[in-house]
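Work through the exercises below with the model open. Try each task before you read its solution.

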Amino acid sequence: MGSNPDFPRLPPSGISVLIVGAGFAGLTAAIECDRKGHHVTLLDKSPTLQPLGDIISFGQNSSRFFDKWPGVREQLDPIIHRSEVFHFHDWTGRYVTTQSFAEEHRAWGPRVNGHRGEIHQILYKHALARGIDIRLDHTVTNYFETATEAGVETSTGARFTADLVLAAEGVRSRGRKLVLGFEDHPQPSGYAVFRTWYPSDELAANPRTRHLVANGDSHNGWIGQDVHFLAAAIKDGKEMSWVCTHKDEGDIKESWQFPGKLEDVLKVLEGWDPVVLDLVRATPPDRLTDYKLVFRDPLPTFVSPGKRTVLIGDAAHPFLPTSIQGASQAMEDGVVMAACLDRAGKEALIEAVRVWEAIRYDRVHRIQQTGVTTREQWHKADWDAIWKDPESMHLQREAWILDFDAEEDTYQRYDEVKAGLGS
């Protein structure tokens, strides 16, 4: 498949990049590498990429990338969440406080929140329109590298090689073995999330829940002991997404995503606000997912010994949902790599990879920690203190995370970071 000349891109760099995994990390890396003139091949194990999932959030640090991809922002606008405020309640339904995002939207630009599958489809179709070589139904079973190239083998015995391989297929990426030198396994975090997305007709007909959907989009949260429940009405209130994070010690040896059971949710939420219980009872049983949150110790490196295979996205650094940065940091990974390769050129590819890791490593891990901080802030809440200072419940929205352009930062700091690498 040849590049579409209708999309702006830099002249060919001569660098070939093989990406494994067509999630947000992989698609962003593919699109950005194409923008920078690198030759991209993208593999994914799924036979088709269906619009699955529920709500996902992109902070201003990543939503700005959509504006750089012709036509993407225009396609996103009709489907994204429009509320600029978030209402906090305690588990009984008592109102606590409202956090407004209007000022940060004016100062830093808009967030993008919406249906994961719908947003993913827009990016996938954009990548196809650019002419990027995307090959579905390719299950990677092994990673390898030499002094001059890296590659993968698939379940059919096919081999693909490139100057650089980006492993972007999630926490169980087989690329982790090449990078770490051993097989590691995800551990249960002790928490899980019930998640769903469904039409809001029943909620609109229910006097107790009508206010959540009758006036367009809304965003509400209920906070309890070791449990929080977030509900977002979207598409002018026509659809509802809710997530419930709770303590869980489920087995994740084989899988960490299961069909959910409404009775299990109701048991977790026993004694909670009737509005919350009605949101759960209105959920179509086949739309509920029980998602176990996995834990990974921070990796000592994201890069293979030969510096030609790199872990990006969840393969390198899975985030807790309470960070609200998992997808954004996956996108930053791809943007920074494409820019580093552009800055270094093919002859200095190893240098580019080393600079990429130096730029990304500390930032990623600092932001990862915010997910733990927010979860503990809510789940271990001191309610006597909160009633004295309700705004202490607010999400921390920090400029160093959100008012940030990873592409611009890379070009500005490349030489400085390179100088600090040593031999």
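**Exercise 1.** Classify Val372: buried, exposed or partly exposed?

*Solution.* Start with the location: Val372 sits in helix H12, residues 349-379. Helices (H or I, at least four residues) and strands (E, at least two) are DSSP runs, numbered from the N terminus. Next, apply the cut-offs: buried is under 20% relative accessible area, exposed is over 50%, and partly exposed is in between (1.4 Å probe, protein chains only). Val372 has 29% relative accessibility, so Val372 is partly exposed. Finally, take a distance: the C-alpha atoms of Val372 and Ala102 are 25 Å apart in space, with their positions 270 residues apart in sequence.

A note on the source: this is a predicted model, where local features need pLDDT of at least 70, side-chain atom pairs count only at pLDDT 80 or more, and totals for chains, interfaces and linings use all residues. Residues are numbered from 1 along each chain as its sequence is written, and side-chain values use heavy atoms, with hydrogens and water left out.

**Exercise 2.** Describe the surroundings of His126 and Ala127 in helix H5.

*Solution.* Helix H5 covers residues 116-129 and holds His126. Ala127 belongs to H5 as well. Take burial first. His126 is buried because its relative accessibility is 4%. Ala127 is at 0%, so Ala127 is buried too. Now list contacts (heavy atoms within 4.5 Å). Beyond four places in sequence, His126 contacts Phe7, Ile31, Trp69, Pro70 and Val72. With that same exclusion, Ala127 touches Leu27, Ile31, Ile132 and Ile134. Ile31 is on the list for His126 and on the list for Ala127. Last, the distance from Ala127 to Asp34 is 9.0 Å between C-alpha atoms, across 93 residues of chain.

**Exercise 3.** Which residues does Thr28 contact, leaving aside neighbours within four places in sequence?

*Solution.* Place Thr28 first: helix H1, residues 24-35. Its relative accessibility is 0%, so Thr28 is buried. Its contacts are Trp69, Met331 and Val335. Met331 and Val335 fall in the residue range of helix H11, 326-344.

**Exercise 4.** Check the length and cover of helix H11.

*Solution.* Count residues: H11 has 19. The expected span is 1.5 Å times one less than the number of residues. For H11 this gives 27 Å, and the helix reaches 27 Å from its first C-alpha to its last. Then count cover: 16 of the 19 residues are buried, so H11 is mostly covered. Gly345 follows H11 and has a positive phi, near 85°.

**Exercise 5.** Is Phe194 buried or exposed, and what does it contact?

*Solution.* Phe194 is part of strand S12, residues 187-199. At 3% relative accessibility, Phe194 is buried. Its contacts outside four places in sequence include Trp242, Val243, Cys244, His246, Asp264 and Leu288. For His246, the C-alpha distance to Phe194 is 8.3 Å, at a sequence separation of 52 residues.

**Exercise 6.** How does the radius of gyration compare with the globule rule?

*Solution.* List the elements: 15 helices and 18 strands. The radius of gyration is taken over C-alpha atoms, and the rule is 2.2 Å times the number of residues to the power 0.38. The protein has a radius of 22 Å, close to the 22 Å given for 423 residues, so it is as compact as a globular protein of that length. Along the principal axes, the C-alpha atoms fill a box of roughly 65 × 45 × 40 Å. Buried residues are 58% of the 423.
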